[in-house]
Amino acid sequence: MKKTILIIGLLGIAYTATYAQASKVMAAYNYLADYQTYKDGKDLVSAKEAIDAAAENETTSLQGKTWYYKGMVYYMMSKDSLLNKTSNTYLEEAQKGFEKALSIDDKKFKDRKEAVNYVKAISADVFNRGVDAYQNQDYEQAYNDFSAMKSLNKTLKDNNVEPVVPTEKVMLNIASAAEAGGMTKKAIIAYTEVLEVNDDVNTYRFLASLYTKEGNKEKAMETLDAAAKKYPENADVVIDQLNIFITDGKLDQAIGKIDKAIELQPDNDMLYFIKGNAYDKSGDMDNAIVQYEKAIKINPKNDKALYNAGAMYFLGANKYIEQMNALSYKQEKEYNELNEKRKGMYLKAKPYFEKVLEIAPDDDASKRALFKINSALETK
């Protein structure tokens with residue numbers, strides 16, 4: 001008989017505890033209703049205390065409405081003009097609440113549609129906050145917000161609702177924020193994930209540049225090789241590869257790679273420009289000009305090749321200027337001879353810059369070069 005009394009007593013305690021937690025869910029609901037009527041932040045604070053306790057209880061934590069109300073409480077706290085200044089994590093907690101409510105197998109939960117609508121609203125708020133953070137150069141916050149969007153988008157899609165911002169754009173923003181914030185490893189992971197849904201040529205290039213920055217040139221070249229295979233006519237990819245070779249002092253390998261590309265596309269003027277650029281960076285002016293001229297012959301409107309060819313002669317005059325500056329005032333003959341050589345280089349450079357301006361009238365670099373050339377040619 002005593003055992004029976006004891007069991008009944010224990011059952012009574014368990015029932016009382018369960019009822020107490022259920023009443024906390026109801027209390028949170030009532031505080032929410034009061035807040036919506038009176039806009040008193042104290043009601044939200046009380047609602048938070050009640051729903052946090054209910055969410056930790058082993059019984060009420062299995063109920064969808066518990067997490068739904070928790071999502072509502074925290075979402076409203078994020079919107080309250082005073083309370084939202086006390087923490088910047090309310091949106092995250094609201095997200096967790098609604099996502100939990102939608103993931104729990106609770107057939108009694110009747111507010112799934114409303115929960116999804118809240119997730120959609122949170123998604124817009126989180127994205128906008130991320131954009132603001134990025135513009136304010138708070139790249140870590142931007143990265144966290146854009147990363148949160150991936151989970152929000154998955155929740156929306158799982159419930160047959162289109163995301164506020166397409167996942168592809170979200171992933172690009174994650175990568176961009178990580179890169180801008182110097183989070184190289186995270187940026188590499190992000191761009192790698194972007195490639196899985198959009199293998200745009202620039203994504204390959206961004207990823208390769210990050211590998212290079214990290215010191216993993218082998219992986220950078222592997223990434224660029226993949227880009228070159230998919231986009232064989234993209235000159236920027238080849239230039240990126242050449243830059244790695246040239247930085248490492250491997251000019252022969254650089255020229256070898258570009259020559260293979262030229263074999264495949266002998267009429268591609270940009271390939272000759274790239275080859276000229278490789279010689280240019282190695283200090284081989286004569287071979288650089290030969291390649292620029294080949295590019296110009298194929299495409300007379302290749303303003304990059306025209307400008308670089310002009311720059312070769314323009315900069316080539318510097319050695320004569322240095323020699324002139326080293327002479328004494330008594331060495332007039334030598335000075336005049338060097339000056340004529342300088343003018344000769346300028347005369348060779350001039351038509352290239354003039355042609356650039358015919359193609360691109362607003363090219364400031366060509367304008368400045370021509371001004372200096374004309375000024376030098378006018379002086380004796």
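**A walk through the core and two helices**

Start with the largest nonpolar core: it has 111 residues, and those with the most contacts inside it are Tyr68, Met72, Phe98, Ile122 and Ile274. (Such a core is a set of buried Ala, Val, Leu, Ile, Met, Phe, Trp, Tyr and Cys residues joined through side-chain atoms within 4.5 Å; buried means under 20% relative accessible area with a 1.4 Å probe, protein chains only.) Helix H3, residues 64-79, gives the most to this core, with nine residues; helices are DSSP runs of H or I, at least four residues, numbered from the N terminus.

Before moving on: this is a predicted model, where local features need pLDDT of at least 70, side-chain atom pairs count only at pLDDT 80 or more, and totals for chains, interfaces and linings use all residues. Residues are numbered from 1 along each chain as its sequence is written, and side-chain values use heavy atoms, with hydrogens and water left out.

Now pick Phe98. Beyond its neighbours within four places in sequence, Phe98 is in contact (heavy atoms within 4.5 Å) with Trp67, Tyr68, Gly71, Met72, Tyr75, Ala115, Tyr118, Val119 and Ile122.

Next, show H4 (residues 90-103) and H5 (residues 112-135), which pack at about 150 degrees with their axes 9 Å apart. H4 and H5 are therefore roughly antiparallel, the word for angles over 145 degrees. By class, their contact has eleven nonpolar, one polar and four charged residues.

Last stop: Asn308, in helix H15 (residues 303-316). Asn308 is buried, at 15% relative accessible area. Leaving aside neighbours within four places in sequence, Asn308 is in contact with Phe273, Asn277, Asp280 and Tyr292.

Technical notes. Buried means under 20% relative accessible area, exposed over 50%, partly exposed in between (1.4 Å probe, protein chains only). Helices (H or I, at least four residues) and strands (E, at least two) are DSSP runs, numbered from the N terminus. Axes are lines fitted to C-alpha atoms, for helices over the stretch in contact, and angles run from 0 to 180 degrees between N-to-C directions. Angles under 35 degrees count as roughly parallel, over 145 as roughly antiparallel, 65 to 115 as roughly perpendicular and the rest as oblique. Ala, Val, Leu, Ile, Met, Phe, Trp, Tyr, Cys and Pro count as nonpolar, Asp, Glu, Lys and Arg as charged, and the others, Gly among them, as polar.
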